[in-house]
Amino acid sequence: QVQLAESGGGLVQTGDSLRLSCAASARSFSSYAMSWFRQAPWKERDFVAAISFSGSNTHYADSVKGRFTISRDNAKNMAYLQMNSLKPVDPAVYYCAAALAYNDYAHTYSDRRTMDYWGKGTVVTVSS
């Protein structure tokens, strides 16, 4: 069983930056691929970014490519999402998710059906 806890959400202005953190309670955190998804009101939960279990491979949604960066620290059981140049389209509840990895390709973990564990989310609000 893996427990995930997101933090770092808040209210920012358009163009600002925010870093989300995800703390994992996994015994073998380095065996899990990590992803971030987001869900805006009345919309489906959409993929944002993924990182392979080794950290060597990342994958991003087109809407955040070049603005967001996913990273992980396996020694600390942490995953991060650095969000720069935030836009009015970015507000949502952001969720981190973990999947026991069977390959080192991050794009595999862009489908929420592949994810095994989910956090409760952290809210990001962007004011214009």
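Select Tyr94 to begin: Tyr94 stands opposite Thr122 in strand E11. This is a predicted model, in which local features need pLDDT of at least 70, side-chain atom pairs count only at pLDDT 80 or more, and totals for chains, interfaces and linings use all residues. Residues are numbered from 1 along each chain as its sequence is written, and side-chain values use heavy atoms, with hydrogens and water left out.

Next, show strand E9, residues 92-100, together with E11; the two pair in the antiparallel sense over three bridges. Strands here are DSSP runs of E, at least two residues, numbered from the N terminus, and two strands pair if DSSP finds at least two bridges between them.

Now add strand E2, residues 10-13, which runs parallel to E11 and is joined to E11 by four bridges. Within E2, pick Gly10, which stands opposite Val124 in E11.

Stay on E11, residues 122-127, and turn on the side chains, which alternate along the strand. Thr122, Val124 and Val126 point to one face and are buried (under 20% relative accessible area, 1.4 Å probe, protein chains only). Val123, Thr125 and Ser127 point to the other face and are not buried.

Move to the open sheet of four strands, in the order E1-E3-E8-E7, with antiparallel pairing. Strands E1 (4-7) and E7 (68-73) stand at the edges with a single partner strand each, so one side of each is left without a neighbour in the sheet. From one strand to the next the twist averages 15° (axes are lines fitted to C-alpha atoms, and angles run from 0 to 180 degrees between N-to-C directions).

Finally, select E1 and strand E3, residues 18-24: four bridges join this antiparallel pair. Leu4 has Ala24 in E3 as bridge partner.

Key
Buried means under 20% relative accessible area, exposed over 50%, partly exposed in between (1.4 Å probe, protein chains only).
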